[in-house]
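Trainee: I should like to work through the packing of a helix pair and a few backbone details. May we begin once the model is displayed?

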Amino acid sequence: MLVVKKFGGTSVGSPERVKHVADIIRSSVQKGDKVVVVVSAMGDSTDQLVSLASKITSNPSPREMDVLLSTGEQVSIAIMVMALNEIGIDAISFTGWQANIKTTCVHEKARVLSIDPKALIDALDKGKVPVIAGFQGIADDNSITTLGRGGSDTTAVAVAAAIKADLCEIYTDVKGVFTTDPRVVKEAKQIMTVTYDEMMELAILGAKVLHPRSVELAKHYGVVLKVLSSFDDCPGTEIREVTDMENRNVVTGIAFDEDVAKVGILKVPDRPGIAYKIFGSLAKENINVDVIVQSISPDTNFTEMAFTLSLKDLPKALKILEGVSKEIGAQGVVYDDKVAKVSIVGAGMGDRPGVAATMFKALFDVNVNLQMVSTSEIKISCIIAREDVKKAVQSIHDAFNLGKEGLACE
């Protein structure tokens, strides 16, 4: 097979682990597979680089931060090639620009536009294993760009699509995708298969296993994904279009996100174009919002709006919204930075009555108050107090009997 294997920072976090990963790659090559490797920065080296920058300035240039952070993966690819060469595997390293990964010019949050696979295919044809720096690319102005945290997953899937790989394997420090975080719920079970849509929602809503954009790309290009452990010999979890849905649980998994803040705009004039002014101003600064609620007011001339966003975006968002609030004649802006989002996801939820009621009862049973709710065909998200997350997730997990999900590997 033609396989892309991506290894995360934990998997390559030390020389011993790099050598172990090299053995995994060698085993695949010896089976006759053509292998392309994507690696993240070693261990916590990205955090160290961020810390280094913070000691120089509190407001670093996004362009120069991309230049700095991209060096972490450059170390990884060189070390990995050395480890492969040492055990007799012919390999060659590629930075993002050497692999012809073209991106948008949005520093620290770039998106992959295209990949010219010629250099990678040439290396494969010569019997080499290309080892690519994840998380990075190059923009039209020749600036180095990065794809945001977790962007190496996106690199791996984009490369797999470009070279038409048979499979994209994401190696991490967990055995696969679980019904929820097993560190929070000890009864959480590994899931054998999950659909693209379910995995995308779980990733967006807080599950840390895969980057959301990597799943989006995989679905768009039909790339079969597999999440595996670098440390345990387990079957892992396959992400694909599952056709036999009748025997699956209504809820596949529970995600939670504690990196959330709630923002409200009080007494907003109720007229056309107001919502655009509010959310358009945030979009211009690349601030993403999630749960949006517009309430009914006794005064038909006014309404109130509330929404959630990432905690790291809150300071910038508040400055923007204070100006917008004055411009549109709203009463003011309030916020709560001590909330979290808990979500259930399942492709079978759409036509099953009582799913929301079961979730809400589970929260009531442990005295957790609902602050906001958002729904779609395959997910229900609730905003709650951050201090209530663990008991909320445990109660919801119990309510939907997710501890009985079939195990792939203990």
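Trainee: Which residues in helix 7 are met by Asp153, Thr154, Val157, Ala158 and Ala161 in helix 5?

Mentor: In this predicted model, the contact brings together heavy atoms within 4.5 Å. The residues of the contact of helix 5 with helix 7 divide into 6 nonpolar, 2 polar and 2 charged. On the side of helix 7, those met are Arg213, Ser214, Leu217, Ala218 and Tyr221.

Trainee: Is helix 5 roughly parallel or roughly antiparallel to helix 7?

Mentor: Helix 5 (residues 151–163) and helix 7 (residues 212–221) pack at about 15°, and their axes lie 8 Å apart. Angles under 35 degrees count as roughly parallel. Helix 5 is therefore, relative to helix 7, roughly parallel.

Trainee: What is the handedness of the crossing in which helix 5 passes helix 7?

Mentor: Two packed helices are described by the angle between their axes and the distance between the axes. The sense of the crossing can be stated as well: where helix 5 passes helix 7, the crossing is left-handed.

Trainee: Does asparagine 142 count as buried or exposed?

Mentor: Asparagine 142 is found in the loop between strand 7 (136–138) and strand 8 (144–146). Its phi is near 70°, a positive value in a residue other than glycine. The threshold for exposed is over 50%. Because the relative accessibility of asparagine 142 is 56%, this residue counts as exposed.

Trainee: What is the phi of asparagine 401?

Mentor: Asparagine 401 lies in the segment after helix 11 (389–399). With a relative accessible area of 45%, asparagine 401 is partly exposed. Asparagine 401 is a residue other than glycine with a positive phi, near 55°.

Note on methods. Residues are numbered from 1 along each chain as its sequence is written. This is a predicted model: local features need pLDDT of at least 70, side-chain atom pairs count only at pLDDT 80 or more; totals for chains, interfaces and linings use all residues. Side-chain values use heavy atoms; hydrogens and water are left out. Axes are lines fitted to C-alpha atoms, for helices over the stretch in contact, and angles run from 0 to 180 degrees between N-to-C directions. Helices (H or I, at least four residues) and strands (E, at least two) are DSSP runs, numbered from the N terminus. Angles under 35 degrees count as roughly parallel, over 145 as roughly antiparallel, 65 to 115 as roughly perpendicular and the rest as oblique. A crossing is left-handed if the near helix is turned anticlockwise from the far one by less than a right angle, and right-handed if clockwise. Ala, Val, Leu, Ile, Met, Phe, Trp, Tyr, Cys and Pro count as nonpolar, Asp, Glu, Lys and Arg as charged, and the others, Gly among them, as polar. Buried means under 20% relative accessible area, exposed over 50%, partly exposed in between (1.4 Å probe, protein chains only).
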